[in-house]
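These are my notes from a first look through one structure. I wrote them down in the order in which I looked things up.

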Amino acid sequence: MGSQVKRKCGNCEDTKIQVVAKGQYAWAEYCPSCFSECKACDGTGFLFQYDEQEREQAIPCECKNLDLRITLFNNAQIPGQFFDATFKNFDVSGDPSLEEALRTASFFFKNYKNGNRKGLLFMGGVGVGKTRLVSTILRDFTLNHGIPGIFREFSSLLSEIKTGYDKGLSESGLLEKINNAEILVIDELGKGRKSDWEIAILDSIISNRYNMRKTTIFTTNYTEKKSTTYVEPVLVKTDKEGVKEKQRKETLEQRVYSRIYSRLKGMCDFIEMKGPDHRHPYSEFSG
Ligand SMILES: [Zn+2]
Ligand SMILES: [Zn+2]
């Protein structure tokens, strides 16, 4: 007792890492307030020791671990707007479904570590915090636990593949990285035009990951019921010359078709996030 309270770095709480929004993505770097060159290895990243035959051996220093986790986080390409997302600051707004979603997300790594490779699928309306929550999970895996992962918004992934075609790159080459990712996050599943090509790409990714028992995490605005699923305004032609706006309500199963849907059911736990009443005057300020 009576010992000095160890002072925490006000910038990074002694994690030695700060995360900022840099362009499109969240970016991790050494904390400028408390980072100093590693004293154990003089910043070389290696320690030297001698084996039984008196040969010098280079052993990676503990500080390399921090380097690795920073690299994994930056390679994940988490959206910049969620650079500060953590389990601690997730706003559940007193809603039981959001509390449950947060609990599942924060225990996800523990389950994964215990050998449960089943993924998660968060479904619910716009603005309930789905993307924030999956960004937090990916931050936990990469930055806190050193496990690689990739974040892709589904329509960005599709345009990436299209850009690849234009450059003459093969589809399989591009998809290899996605298929082999240790943890894959697909944001906005079901968004797009639902063309045959889009469905075929999705089917290929999901089948591959399903067969390889890889962990995949999804978000989607489409739910399992007509009453809660995404309402999409569509223009339909009328008998006369004009067009009129109609509302289309598709469930997730209708959106991605039965084959993909049943795979999703097999490889993920489904979690519905209901969130606060959007008519509430302050709801626009919550993430
Ligand atoms: Zn610091
Ligand atoms: Zn070191």
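Entry 1, the whole chain. I looked up burial first: of the 287 residues in the protein chain, 27% are buried. The model is a predicted one. I then listed the secondary structure and found eight helices and 11 strands in the protein chain. Along the principal axes, the C-alpha atoms fill a box of roughly 85 × 50 × 35 Å. For contacts with a separation of 6 or more, I noted that 69% join residues 24 or more positions apart.

Entry 2, domains. The domain assignment gives domain 1 (17-67) and domain 2 (81-285). I looked up the separation of their centres, taken over C-alpha atoms, and it is 34 Å. At the contact, seven residues of domain 1 meet six residues of domain 2. Which elements give two or more residues to the domain 1 side? They are β1 (17-22) and β2 (25-30). The most come from β1, with four residues. I sorted the domain 1 side by class and wrote down six nonpolar residues, one polar and no charged ones.

Entry 3, the core. In general, nonpolar side chains in soluble globular proteins tend to be buried together. I therefore looked for the largest nonpolar core here, which has 51 residues. Which of its members touch the most others? I noted F122, I137, L138 and V185. Helix α4 supplies the largest share of this core, six residues. Both domains take part, as the core draws at least three residues from each of domain 1 (17-67) and domain 2 (81-285). I followed up I137 and found that I137 touches A105, F108 and I217, leaving aside residues up to four places away in sequence.

Entry 4, a helix pair. I turned to helix α1 (residues 63-76) and helix α4 (residues 130-144), which pack at an angle of about 150° with their axes 7 Å apart. That angle makes α1 roughly antiparallel to α4, because angles over 145 degrees count as such. On the α1 side I listed R69, L72, F73 and A76, and these meet L138, R139, T142 and L143 in α4. By class, the residues of this contact are five nonpolar, one polar and two charged. I had already met L138 as one of the core residues that touch the most other members.

Entry 5, one loop between β7 and α7. I searched for residues with a positive phi that are not glycine. E188 is one such residue, with phi near 65°. E188 sits in the loop between β7 (183-187) and α7 (196-211). Is E188 buried or exposed? I counted 19 other C-beta atoms within 10 Å of E188, so E188 is partly exposed. K194 also has a positive phi, about 60°, although K194 is not a glycine. K194 lies in the loop between β7 and α7 as well. With 14 other C-beta atoms within 10 Å, K194 is partly exposed.

Entry 6, another loop. I ended at L169, which is placed in the loop between α5 (154-166) and α6 (171-180). Why does L169 count as exposed? L169 has 12 C-beta neighbours inside 10 Å, and a residue is exposed if it has 12 or fewer. I also looked up its contacts: L169 touches G164 and L174, not counting residues up to four places away in sequence.

Technical notes: Residues numbered from 1 in each chain as written. Chains lettered and ligands numbered in written order. Predicted model: local features only at pLDDT ≥ 70, side-chain atom pairs only at ≥ 80, totals over all residues. Axes fitted to C-alpha atoms, helices over the stretch in contact; angles between N-to-C directions. Parallel < 35°, antiparallel > 145°, perpendicular 65-115°, else oblique. Nonpolar A, V, L, I, M, F, W, Y, C, P; charged D, E, K, R; others polar. Core = buried A, V, L, I, M, F, W, Y, C linked by C-beta atoms within 7 Å. Buried ≥ 20, exposed ≤ 12 C-beta atoms within 10 Å, placed from the backbone. Domains from an automatic or database assignment.
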